[in-house]
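Here's a quick tour of this protein, starting with a residue that is easy to miss. Keep the structure open as you read.

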Amino acid sequence: MKKILLFFLILFHFSTIAQNLSLEKISTQSDSLESLEKYSEAIKLWNDNARTSPLLAKLYKAYFQYWNDYENQSFNKLISIENELIKIQNRNSYQSELLIKIYTQHYHHIAENDTWVNALNKALEGYRLKDFNKGKSKTKTDYLYDLGYMYNQIGNYYEAINYYTKSLDLYRQQNGEIDNEVALNYNNLGFNYNLVYNKKQAIKCYEKAVSIWEKAYQNKADKNDYLISAYNNLNQQTIEYGDLNESVKIVNKLNKHFYRKYKLKKDRVNPRYFESRQLMILSNVNTNAALGKFDTAQKYCDSLKAETNLTDKKQVNFLLSNYTSLADYYYENKLYDKTIALCLMSNELAEKHDLQFHKMIINSKLGTTYEKLKNYKQGFYFVEKAVQFADNKSFNSSKFSIQIIKAINLEGLNETDKAIATVKNTIEQIVFEKTNKKVQIQSIKFEMINDLASEDFINIFSSSAKSYLKAFQKTRNKAQLTIAQNLFTIAAKLFQEYYLKGEFNDSLSYFHHQITEGLLECLLLKTSKFEDKIALLNLIEQNASQHLIKEFDKKLKRNNAKNNIYSIEINSLKNELEYYKKQAIKNENKIAELQNEIEKRIRKISETEKNYEAFNSTQFNLKEVISKLSNNKQILKYFVCNTSVYGVLLSNNTIEIKKIGDKSNIESLVNNYRKQINNMDLNAKKTAGNLGTSLIPFSLQKSVTIIPDSFLNYLPFETLMNTKNNQYIVENHLISYDYSLPMWLLHKNNKSTNHQKLAAFSPLYSTSSINAKRSDFKELKFAKIESENIVALFNGTLFTNDQAKKENFIKNKQNFDIFHLSMHSQLFEDDFNKSCLVFSNEEKLYFSELYGMNIPASMVVLSACDTGNGALKNGEGIMSMSRALTYAGVKSAVVSLWQVPDKETSEIMISFYENLKKGQSKDEALANAKTIFIKNNPMKNHPFYWAGFVLNGDVSPINSNSNWMLYLGIGLAVLALTFLFRKKLF
């Protein structure tokens, strides 16, 4: 009996395997027929093989019958199949596969006929099926891709990124890297990263998509012109990020690809031709306009107009997108006449085709342009027209922006009350539409609108604040000043949400300066308490560009590659966490999951970096800075805003804020003074007095750290004159510099250790020189003497002649604590990455190379020309060799602000190191070296000779040998006490 039973079990086992193998084959053929939309053949396939799995065959036949007669079938037929599959308790993989397919059709149906939210809910229901993973890889991967798309449609871009990332990984596993689905996934990820303002990641994803499609279509036709679309997406992001050189390369590739495909007339009958040409022209318009090549951009627009069917509304719509984009560039470059001419021409087309959106955009642009020209009557006329075309049915920034433009024109017409009423109504309407609550403007809080972090709403709130501030200056109504400060604060917090601590671009810089100016004005006009000053200055500093502080912090504390990755992931997770915390309905599970992921990574980093969380620039608090200032030390921080310059003096327990003056006047004075120094003009002393009076209206202590802003970075403050005693500032004060308050704090918390391991580099240049300046690659006869003296003082290592080569510097960059580089340098203000130090054999160490290095030195002295100069970058300051060293992790740097004279430089440098050897702090050592030079060289007291070098960063001493005086004093005191004690004994 047992043998018979065993026989039947074996027979059943093999019949099951045979059946499954057969079912697998049927399922594969069925999928193939479905992809080819051969539904009748699929029905026949399942009908012929019904005995293999009767229930599955019945359900598949019903499924394909629905698709075979889609137009006449009710969707309920698919729902009934879904319900029947749901009832099956333990579905096999083939039943699970069909159920997932049904769910896919169901959520597509809801998306087409209902809302994206309901479609997403249905899709998530299917995703949560316990047997979802039994489905075939392609079906599951497509499902995840669709979830990413639906999350994008409802505005949850972080979840969209999450699901697109999951589907991307699966597509790559299934199809390899060079695959259309993979490229599409990268493209969509780029789109969503852009929507969460992560432009760097967006660019990376677009670059991946482009790279895949370039390889895929190298030898075959790009039928859908995916690559052209991807080039356009990448180009737009690259322009917004400010990398115009890269933009040119992208557009050249796009043009080459386009003209290769559509070279012949016969190729242009392709229905995709004109759409792709539109994209190609849009990229060329944007790139040329961004480069300032407006005539070329205009020609591209006009060529598109010549090809556009002006009776085709869709084509005209795209043409107007090109014209309005060009008009924006004209406006940003203050070419207001061209802006108006282009807008008026575009308006005729928009009117002819009744394109509401473009009519609104064009008329509002005319309103702002006429306002800039102070033609407020015309400005108001066009804004009123724009109001008529605004979409008032939905919540959008455009309708509110138009009202603010209207208010600004009303201000220009001296209709202050009407302007304030317009602003008040607009702000209150924004809050009402967001919260469904009526709140008076004086009671509005940031938390009510904290998810409106975009450039448009930052502009709306900061411009509204500005209107209230102007009204106060006319009426002196204190309530208006209070409202102005509150609106500026809300704008600042929106900015903080929006700006993800990358580099500033032009628009970010403009908004930041406008908000900063407003907050500082409010602090000046109100009798502000110490705590109020702290709160608003903290907000300003937290919104300032954090790019440098982050890079320095990364080099200083994260030499471990894995920790660097964890750090990047932590920042990304924190941004996502903030998104979920702000949702009206909190997803507590998601919040907990994200917090757990952040903590896990922090624990990983903390295994090697015990103080990882000790410094975080986003948690910067001015109180900590002030607490670390001794009685004789101060920090003088400048703010160069859109129209004015402000100074903030920080002393122990006090904050003093002053308005320095008009930005353009001070900038002109600084530029003139710099020319006078370089030309050794004898009138420089008078200008130095004027600048000293303007820029330093404060009472200074002995030691002052200057934190300059914008063009003030080029100014040697120690050369300014105190007109009361007719002395240079350096003669009575120790001046040093830093890049920001968080950087000062970081330097303070990471003081140099007392190492004296010094290396000096003094290259040999082939050509002898009579040039007195350290430029032109000619021999520096005093540089070698300088280096030899400095090495002798500190028992250091001298790399001279052929040994002073780039390779030796790179090889030894972590072996010495102090580097003295006595050599030539080159400055390229148009492209700071070309700026370089010149070693032996004219080997160049570029800014871009320094930027990527890790140099854990306590001090680097760049005894060369222009090493503190460079291009001025919005929000970041001067992109100089000095800044590159700070990126590399150097704690302090001595650099030059102009082409310094060789002999005088040598004398000051030797004196500087002699002072350091005595144990003086770096700022004291440099100040004393300069004053000694002035006293010893009365005929060379012009700043050109002695003021070229400045100190940036940590000022602490590098030598503790001076402590022998302290130890001697203690020893004598102990000896004296011992003597007295013995005297008493006897």
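Cysteine 522 is buried, with a relative accessible area of 0%; buried here means under 20% relative accessible area, exposed means over 50%, and partly exposed is in between (1.4 Å probe, protein chains only). Cysteine 205 also counts as buried, at 5% relative accessibility. How many disulfides are there? The count comes to zero, taking a disulfide as a pair of cysteine sulfur atoms within 2.5 Å.

A word on the source: this is a predicted model, where local features need pLDDT of at least 70, side-chain atom pairs count only at pLDDT 80 or more, and totals for chains, interfaces and linings use all residues. Residues are numbered from 1 along each chain as its sequence is written, and side-chain values use heavy atoms, with hydrogens and water left out.

**The whole protein**

The protein has 39 helices and 18 strands; these are DSSP runs numbered from the N terminus, with helices being H or I of at least four residues and strands E of at least two. Of its 986 residues, 52% are buried. Among contacts with a separation of 6 or more, 69% are between residues 24 or more positions apart, where contact means heavy atoms within 4.5 Å. The accessible surface comes to about 46,300 Å², and carbon and sulfur atoms hold 50% of that (Shrake-Rupley method with a 1.4 Å probe; for residues, only the protein chains shown count as cover).

**Strand β1 and its partners**

Strand β1 (residues 633-640) is largely enclosed by the rest of the structure, because seven of its eight residues are buried. On the parallel side of things, β1 pairs with strand β4 (residues 703-707) over five bridges; two strands pair if DSSP finds at least two bridges between them. In that pairing, lysine 637 stands opposite isoleucine 707. β1 also runs antiparallel to strand β2 (residues 644-651), with six bridges joining them, and valine 640 has valine 645 of β2 as its bridge partner. The hairpin that joins β1 to β2 goes through three residues.

**Strand β8 and its partners**

What about β8 (residues 758-763): how many of its six residues are buried? Six of the six are, so β8 is largely enclosed by the rest of the structure. In a regular strand the side chains alternate between the two faces of the sheet. In β8, Leu758, Ala760 and Ser762 point one way, while Ala759, Phe761 and Pro763 point the other way, and all are buried.

β8 pairs in the parallel sense with β10 over four bridges, and alanine 759 stands opposite phenylalanine 819 there. Five bridges join β8 to β9, also parallel, with threonine 800 of β9 as the bridge partner of serine 762.

**Three asparagines and an aspartate**

Asparagine 812 sits in the loop between α33 (806-811) and β10 (818-822). The side chain of asparagine 812 reaches the backbone oxygen of asparagine 808 at 2.8 Å. That is a polar contact: a pair of N or O atoms within 3.5 Å, where within protein one must be able to donate a hydrogen and the other to accept it, and residues adjacent in sequence count only if both atoms are side-chain atoms. Not counting residues up to four places away in sequence, asparagine 812 touches Phe799 and Phe819.

Two other asparagines have a positive phi without being glycine: asparagine 653 at about 70° and asparagine 801 at about 50°.

Aspartate 738 is 213 residues from leucine 951 in sequence, yet their C-alpha atoms are 8.4 Å apart in space. Leaving aside neighbours within four places in sequence, aspartate 738 is in contact with several residues, including Thr705, Ile706, Ile707, Trp744 and Asn952.

Here is how the four compare on location and exposure:

| Residue | Where | Relative accessible area |
|---|---|---|
| Asparagine 653 | loop between β2 and β3 (654-662) | 56%, exposed |
| Asparagine 801 | strand β9 (residues 797-801) | 28%, partly exposed |
| Asparagine 812 | loop between α33 (806-811) and β10 (818-822) | 14%, buried |
| Aspartate 738 | loop between β7 (734-737) and α31 (741-749) | 2%, buried |

**One helix to finish**

Helix α21 (residues 455-475) has 21 residues and reaches 30 Å from its first C-alpha to its last, close to the 30 Å expected at 1.5 Å a residue; the expected span is 1.5 Å times one less than the number of residues. Right after α21 comes arginine 476, with a positive phi near 60°.
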